[in-house]
Amino acid sequence: MIRKDRQVTDREQQRQILDAADVMRVGMVIGGEPYVVPVSFGYTWEGELPVLYVHGAKVGRKVAGLTDGARVCVEFDRFIRYDQLRHGITTRYQSLIGMGRVSEVVDVDDKVAALSAICAHCGYKLADPAACANLTHTKVWRIELDELTGKQNLRSLD
């Protein structure tokens with residue numbers, strides 16, 4: 001990272017950025033080609049890093065990339081605004097980038113817990129994934145991060 005003064009290493013600050021993010025972008029390689037898909041997500045914080053959860057249909061391009069053991073890159077961002085400076089324009093933002101490994105969640109209780117985390121993050125705290133008729137038609141993946149870095153430019157946000 002070139003601008004070390006913008007680096008976010010504090011885990012609580014990273015959690016706040018994660019909480020403010022509406023979308024997670026997942027980057028993967030499918031058949032030798034890069035592919036990025038925006039997804040809704042949920043998470044739990046286990047140890048030093050968050051464990052992320054995503055869901056989707058049982059078929060499709062995303063399914064081809066989210067195979068057990070696959071390495072992925074995830075990205076979260078929060079655009080705040082553009083500011084005019086004496087020497088140009090800058091962007092006020094917060095972002096996180098993480099690297100991790102995918103595993104499919106197949107146990108029904110674990111699947112319900114993961115979907116509950118997704119619902120909670122998306123604002124549906126009263127939803128009950130266990131009662132969902134499509135539960136058997138939904139795939140759920142767990143992404144265990146082994147790296148998470150953050151960056152922000154919040155100076156002069158008055």
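Is Lys151 buried, exposed or partly exposed? Select Lys151 and colour by accessibility: at a relative accessible area of 26%, this residue is partly exposed, where buried means under 20%, exposed over 50% and partly exposed in between (1.4 Å probe, protein chains only).

Before moving on, a word about what is on screen. This is a predicted model, in which local features need pLDDT of at least 70 and side-chain atom pairs count only at pLDDT 80 or more, while totals for chains, interfaces and linings use all residues. Residues are numbered from 1 along each chain as its sequence is written, and side-chain values use heavy atoms, with hydrogens and water left out.

**The whole chain**

Zoom out and switch to cartoon. You should find three helices and eight strands, taken as DSSP runs numbered from the N terminus (helices H or I, at least four residues; strands E, at least two). Follow the chain along its sequence and the pattern reads β-α-β-β-β-β-α-β-β-α-β. The C-alpha trace spans about 55 × 40 × 25 Å along its principal axes. Of the 158 residues, 41% are buried.

**Strand S8 and its partners**

Now select residues 139-153, which form strand S8; Lys151 is found here. Strands pair if DSSP finds at least two bridges between them. Add residues 7-8, strand S1, which pairs with S8 in the antiparallel sense over two bridges; Gln7 stands opposite Lys151. Next, show residues 49-56: this is strand S5, antiparallel to S8 and joined to it by six bridges, with Val54 opposite Trp141. Then add residues 88-105, strand S7, which also runs antiparallel to S8, through 13 bridges. On that side, look for Val105 facing Val140. While you are here, draw a distance from Lys151 to Ser95: the two are 56 residues apart in sequence, yet their C-alpha atoms are 5.4 Å apart.

**The S6–S7 hairpin**

Select residues 71-85, strand S6. S6 and S7 form a hairpin with two residues between them, and 14 bridges join these antiparallel strands. One pair to label is Arg78 with its bridge partner Gln94 in S7. S6 is also joined to S2 by three bridges, again antiparallel, and Arg25 stands opposite Glu75 there.

Stay in S7 and pick Arg92. Arg92 counts as buried because its relative accessibility is 5%. Show its side chain together with that of Asp83: a polar contact of 2.8 Å joins them (a pair of N or O atoms within 3.5 Å; within protein, one must be able to donate a hydrogen and the other to accept it, and residues adjacent in sequence count only if both atoms are side-chain atoms).

**Into the core**

Show Met24, Val26, Val74 and Phe76 as spheres. They have the most contacts inside the largest nonpolar core, which has 28 residues; such a core is a set of buried Ala, Val, Leu, Ile, Met, Phe, Trp, Tyr and Cys residues joined through side-chain atoms within 4.5 Å. Helix H1 (11-20) and strand S4 (42-46) are among the elements that each supply at least two of its residues. Centre on Phe76: leaving aside neighbours within four places in sequence, its contacts (heavy atoms within 4.5 Å) include Leu18, Phe41, Leu52 and Leu96.

**Last stop**

Finish at Arg15, which lies over the face of Trp45, 4.5 Å from the ring centre. The criterion is NZ of Lys or CZ of Arg within 6 Å of the ring centre and within 35 degrees of the ring normal.
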